[in-house]
Amino acid sequence: MEMGFRWYGSQNDQIHLADIRQIPGVRQVVGALFDIPVGEVWPKDQIIQLKHQIEAAGLKFTVVESVNIHDDIKIGLPSRDRYIENYQQTIRNLAAAGVRTICYNFMPIFDWVRTNLHFSLADGSQALAFEQRQVQRQPQDIIHDIENDANGFVLPGWEPERLAQVQQLFDAYAGIDEAQLAANLNYFLAAIIPVCEECHVQMALHPDDPPRELFGLPRIYKNLADMNRIVAMNPSTANGFTICTGSLGENPQNDIPAIIREFVPQGRVPFVHARNIKFMNDQGDFHESAHLSSMGSLDMFAIMQALHETGFSGVIRPDHGRDIWHESGRPGYGLYDRALGITYLNGLWEALEKQS
Ligand SMILES: [Mn+2]
């Protein structure tokens, strides 16, 4: 297991690599090129520049999050083939720079949805939250709120230029049901997995967040059964998963240690997002919480134990953190609470190592 930390780059992150280097036990920076439009090839020289920057800070760069999928691929338009070719080239360029794992998701239009980015917790901290009644509103209202509440940062998956066309996007997805979206993922995997095998790169699909249908848009990675269907599409181990404990945990039916015990031994989990959430009622409304098991609804010890038992050797990172100690950066991506999460996860891991 190697501990990582997501970083948005020197132009887009208020956190410096030198700060990340000081978090005990961090080895990896999970990075990306954030200024390349979705669908375009990531240039090799820019990837190598990022790698050198991260390595100069004493950290490693082997996981990219995310190389996003152009909507034409998810919708299945004829123009998808051009974007898939670009994606293949991006895989080759990343591999040439030593990247081994590519996180991506296959969610229509929205990468993730929250209805409040500054939900106040009893201890005075703030966290991201999701309340179902809020998504009865128009998607435009949600987009507006998220853009206004982001402290001036562009949030991944919520790029204003793309979402300015949200009505056109909804029109384009009309008629795309779960089966069609799955067929489009299958088509994409058939084209890119051979390239991944050739370059020794593993894809790591991120679960749908939250793992339920929203705004009538289909969802295809919500639970263990979905994961089995995705494996059946393409049994290569290059067809892997990101296990995001928070996203999967947002459905109380999902048994995350069981999911870990199923897919880590298959060699299909190069990347884990560790995050706790707290349910606020029995309708599935939740807010994100500190990582500590007792602060949320997930048993983080049981999750780390399953990873330990199955010999997880990939990269794990704290997913989101709360805003604490007057920090107000990119919502969910402050330094302090994610660093606390790392220290806690490392503590659990050390205890598991010494007990075994
Ligand atoms: Mn995640």
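Trainee: Let's start at the end of a helix. Which residue follows helix 4, and what is the sign of its phi?

Mentor: Good place to begin, and keep in mind that this is a predicted model. Helix 4 is followed by G98, and the phi of G98 is positive, near 90°. Helix 2 can be read in the same spirit: G58 comes after it, with a positive phi near 85°.

Trainee: Which residues other than glycine have a positive phi?

Mentor: Two to look at are H200 and F215. H200 has a positive phi near 55°, and its place is the loop between helix 8 and strand 7. For F215, which is not a glycine either, phi is positive at about 50°. F215 sits in the loop between strand 7 and helix 9.

Trainee: Are H200 and F215 buried or exposed?

Mentor: Count the C-beta atoms around each one. H200 has 9 other C-beta atoms within 10 Å, and a residue with 12 or fewer is called exposed, so H200 is exposed. F215 has 17 other C-beta atoms within 10 Å and is partly exposed.

Trainee: Back to helix 4 itself. How many residues does it have, and how far does it reach?

Mentor: Helix 4 covers residues 80-96, which is 17 residues. From first C-alpha to last it reaches 24 Å, close to the 24 Å expected at 1.5 Å a residue.

Trainee: Which residues of helix 4 are buried, and where do they lie around its axis?

Mentor: First the general idea: an α-helix has 3.6 residues a turn, so residues three or four places apart point the same way. Now the case here: R80, Y83, I84, Y87, T90, I91 and L94 are the buried residues of helix 4. Looking down the axis of helix 4, you find these buried residues within an arc of 110°, so they line one face of the helix.

Trainee: What covers the buried residues of helix 4?

Mentor: The cover includes helix 2 (44-56), strand 3 (63-65), helix 3 (71-75), strand 4 (101-104) and helix 8 (178-199).

Trainee: Helix 2 is on that list. How does helix 2 read by the same steps?

Mentor: Helix 2 has 13 residues and spans 18 Å from its first C-alpha to its last, close to the 18 Å expected. Its buried residues are I47, L50 and I54. Down the axis of helix 2 they fall within an arc of 60°, so they too line one face. On the face turned away from that buried side, helix 2 carries the exposed residues D45, H52 and A56. The buried residues of helix 2 pack against helix 1 (17-21), strand 2 (26-30) and helix 4.

Trainee: How do I read the way two helices cross, say helix 11 and helix 12?

Mentor: Take the distance between the axes and then the angle. The axes of helix 11 (residues 256-263) and helix 12 (residues 300-309) come within 9 Å and cross at roughly 10°. Angles under 35 degrees count as roughly parallel, and helix 11 and helix 12 are therefore roughly parallel to each other. I256, P257, I260 and R261 of helix 11 make the contact with A302, I303, A306 and L307 of helix 12.

Trainee: Which residues are joined by a cis peptide bond?

Mentor: Check omega. E65 and S66 are joined by a cis peptide bond, with omega about -10°; S66 is in the loop between strand 3 and helix 3. Another cis bond joins D209 and P210, where omega is about -5°. P210 belongs to the loop between strand 7 (202-205) and helix 9 (224-233).

Trainee: What about W158: where is it, and what is it in contact with?

Mentor: W158 is in the loop between helix 5 (139-148) and helix 6 (160-163). W158 is partly exposed, having 18 other C-beta atoms within 10 Å. Setting aside neighbours within four places in sequence, W158 is in contact with I146, E147 and L163.

Trainee: Finally, how does the radius of gyration of the chain agree with a compact globule?

Mentor: For 356 residues, a compact globule would have a radius of gyration near 21 Å, and the protein chain agrees with its 19 Å. The C-alpha atoms fill a box of roughly 50 × 45 × 40 Å along the principal axes. The protein chain has 13 helices and 12 strands, and 43% of its residues count as buried.

How values were computed. Residues are numbered from 1 along each chain as its sequence is written. This is a predicted model: local features need pLDDT of at least 70, side-chain atom pairs count only at pLDDT 80 or more; totals for chains, interfaces and linings use all residues. Helices (H or I, at least four residues) and strands (E, at least two) are DSSP runs, numbered from the N terminus. The expected span of a helix is 1.5 Å times one less than its number of residues. A residue is buried if 20 or more other C-beta atoms lie within 10 Å of its own, exposed if 12 or fewer, and partly exposed in between; C-beta atoms are placed from the backbone. The arc is that of the directions from the helix axis to the C-beta atoms. Two residues are in contact if their C-beta atoms, placed from the backbone, lie within 7 Å. The radius of gyration is taken over C-alpha atoms; the globule rule is 2.2 Å times the number of residues to the power 0.38. Axes are lines fitted to C-alpha atoms, for helices over the stretch in contact, and angles run from 0 to 180 degrees between N-to-C directions. Angles under 35 degrees count as roughly parallel, over 145 as roughly antiparallel, 65 to 115 as roughly perpendicular and the rest as oblique.
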